[in-house]
Amino acid sequence: MFDETLLDSSPSRAPVLNGTHWGISFAVGVAGFLVGYFVLPLLNGPPESVSAGVIQSAFLAAIFFSYAAILCYTYSDTRHLGLNTIVWVGAVLILNIVGFVIYLIYSAAKTDNWKRATIPLAYIAEFMLIGVAILIPLLITQALPKTMLSVALVAPPPPPPPPPPPAPAAPVKVIKRLSAEDLMKAPTVIPKTIAKVKDEPEPPPQTGTVGVVGGVPGGMPGGSVGGVLGGIITGAAPPPPPPPPKAATPKRIRLGGQVEQAKLIFHPNPEYPPLAKMARIQGTVRLEAVISKDGTIQDLKAVSGHPLLVKAAIDAVGRWRYQPTLLNGEPVEVVTEVDVNFTLSE
């Protein structure tokens, strides 16, 4: 861009920026892209999306590339014009675009060729206007009309639910009421068939016993008064009443009352948790357990205790074994509470 402008005033009539300068500027731009893509998320947090991160890194790469090209341009042009290279490169390095504009005006006045300054300044002004027009909508999102955003983001209301189906009509029951007059009326139609009523046969008479119907069981044959009295006196006694039913043994009880106390036959001690030992935590963990009929632990859960000690207590009590608890001579399940003490030794 600037080479054609300075070509006439250049002592050697050669481009100010050669291939080496463009390569350096491109490498600096790539470094700026990598810094924006990998380093900025670590400092400012991750971007909203991958595309936003790529756009941000591309802008940073363009700034790095332009800055490097300006420095290379100043370095090369000062050497062509015989100006102090260190001073002007330092001024552009510190003041950035402002230092470069000052250098263009100074070099134009020095060579009495204002074309070399006006054209680059026009290009710089155009690039700045384009950059501002692009960056302002991206940086100031609050300036967007809120009414348009609210209309675009509000979801349409859901459709109304369908009307409920009509309730099924209850079946109509016709109740026919009969009066006493209807019952007393003679039938007007003779039925075609008459239902036959069969009498049930009488029970066969009991063989081997002789006596009066309704007499006393075990009476003497003949049905006489003496036989009846003799049967009452000499007859066998009635059978004894049946024994009362045995009460059913409950399936699960709690310890106490007349229940035989459960006895431990295997109870390994719990391991003290290392974290609780480091924190100097001690205390009692109360567990509720169900001792099955064979003496094993089932349905073990914590009632109280420090959270760091509960896991060790559950692991240890889960391996305990008891003698079966008997109720009325039968083993039953027992609901009981177990206290596990954790004490640190000095």
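Me: Let me start with one residue. Where is Q56 found?
Reply: Q56 sits in helix α3. Keep in mind that this is a predicted model.

Me: Is Q56 buried, partly exposed or exposed?
Reply: Start with the cut-offs. Under 20% relative accessible area is buried, and over 50% is exposed. Q56 has a relative accessible area of 39%, so it is partly exposed.

Me: What is the separation of the C-alpha atoms of Q56 and F33?
Reply: Look at distance along the chain and distance in space. Q56 and F33 are 23 residues apart along the chain, and 8.5 Å separates their C-alpha atoms. A58 gives another case, and it also lies in helix α3. The C-alpha atoms of A58 and V30 are 9.1 Å apart, with their positions 28 residues apart along the chain.

Me: How does A58 count by relative accessibility?
Reply: Apply those cut-offs again. A58 has 38% relative accessibility, so it counts as partly exposed.

Me: Why does the span of helix α3 agree with what it should be?
Reply: The expected span is 1.5 Å times one less than the number of residues. Helix α3 covers residues 50-81, which is 32 residues, so it should span 46 Å. Its end C-alpha atoms are 46 Å apart, and that agrees.

Me: What is the reach of helix α5 from its first C-alpha to its last?
Reply: Use that rule once more. Helix α5 runs over residues 97-111 and has 15 residues. It reaches 21 Å, close to the 21 Å expected.

Me: Which residues of α5 are buried?
Reply: They are G99, F100, Y103, L104, S107 and A108.

Me: At what angle do helix α4 and α5 pack?
Reply: Read the angle and the axis distance together. Helix α4, residues 85-95, packs against α5 at about 145°, and the axes are 5 Å apart.

Me: Which residues in α4 and α5 meet?
Reply: From α4 come W88, A91, V92 and L95. From α5 come I97, V98, G99, F100, I102, Y103 and Y106. Sorted by class, this contact has 10 nonpolar residues, one polar and no charged. F100, G99 and Y103 appear here and among the buried residues of α5.

Me: How do I read the sign of phi?
Reply: Most residues other than glycine have a negative phi. Now look for exceptions. N96 is not a glycine, yet its phi is positive, near 65°. N96 belongs to the loop between α4 and α5. At 36% relative accessibility, N96 is partly exposed. R280, also not a glycine, has a positive phi of about 60°. R280 is placed in the loop between α10 and β3.

Me: What is the phi of the residue that follows α5?
Reply: That residue is D112, and its phi is positive, near 55°. After α3 comes G82, with a positive phi near 75°.

Me: In what sense do strands β3 and β4 pair?
Reply: Check the sense, then count the bridges. Strand β3 (residues 283-291) and strand β4 (residues 297-304) are antiparallel, with five bridges. In this pair, V290 stands opposite Q298 in β4. Five residues lie between the strands of the hairpin, and G295 there has a positive phi near 95°.

Me: Over how many bridges do β3 and β7 pair?
Reply: They pair over nine bridges, in the antiparallel sense. T284 has N341 in β7 as its bridge partner.

Me: How many residues lie between β6 and β7 in their hairpin?
Reply: Two residues lie between them, and N328 in the turn has a positive phi of about 60°. β6, residues 325-327, pairs with β7 over three antiparallel bridges. T325 is bridged to V332 in β7.

Me: How should I read a nonpolar core?
Reply: In soluble globular proteins, nonpolar side chains tend to be buried together. The largest nonpolar core here has 22 residues. V285, L309 and F342 have the most contacts inside it. β3, α11 and β7 each supply at least two of its residues.

Me: Which residues is V285 in contact with?
Reply: Leave aside neighbours within four places in sequence. V285 then contacts S304, G305, L309, V310, A313, V338, D339, V340 and F342. A second, separate core has 15 residues, including L17, C72, Y73 and A117.

Me: How many helices and strands does the protein chain have?
Reply: It has 11 helices and seven strands. Of its 346 residues, 23% are buried.

Conventions:
Residues are numbered from 1 along each chain as its sequence is written. This is a predicted model: local features need pLDDT of at least 70, side-chain atom pairs count only at pLDDT 80 or more; totals for chains, interfaces and linings use all residues. Side-chain values use heavy atoms; hydrogens and water are left out. Helices (H or I, at least four residues) and strands (E, at least two) are DSSP runs, numbered from the N terminus. Buried means under 20% relative accessible area, exposed over 50%, partly exposed in between (1.4 Å probe, protein chains only). Axes are lines fitted to C-alpha atoms, for helices over the stretch in contact, and angles run from 0 to 180 degrees between N-to-C directions. Contact means heavy atoms within 4.5 Å. Ala, Val, Leu, Ile, Met, Phe, Trp, Tyr, Cys and Pro count as nonpolar, Asp, Glu, Lys and Arg as charged, and the others, Gly among them, as polar. Two strands pair if DSSP finds at least two bridges between them. A nonpolar core is a set of buried Ala, Val, Leu, Ile, Met, Phe, Trp, Tyr and Cys residues joined through side-chain atoms within 4.5 Å.
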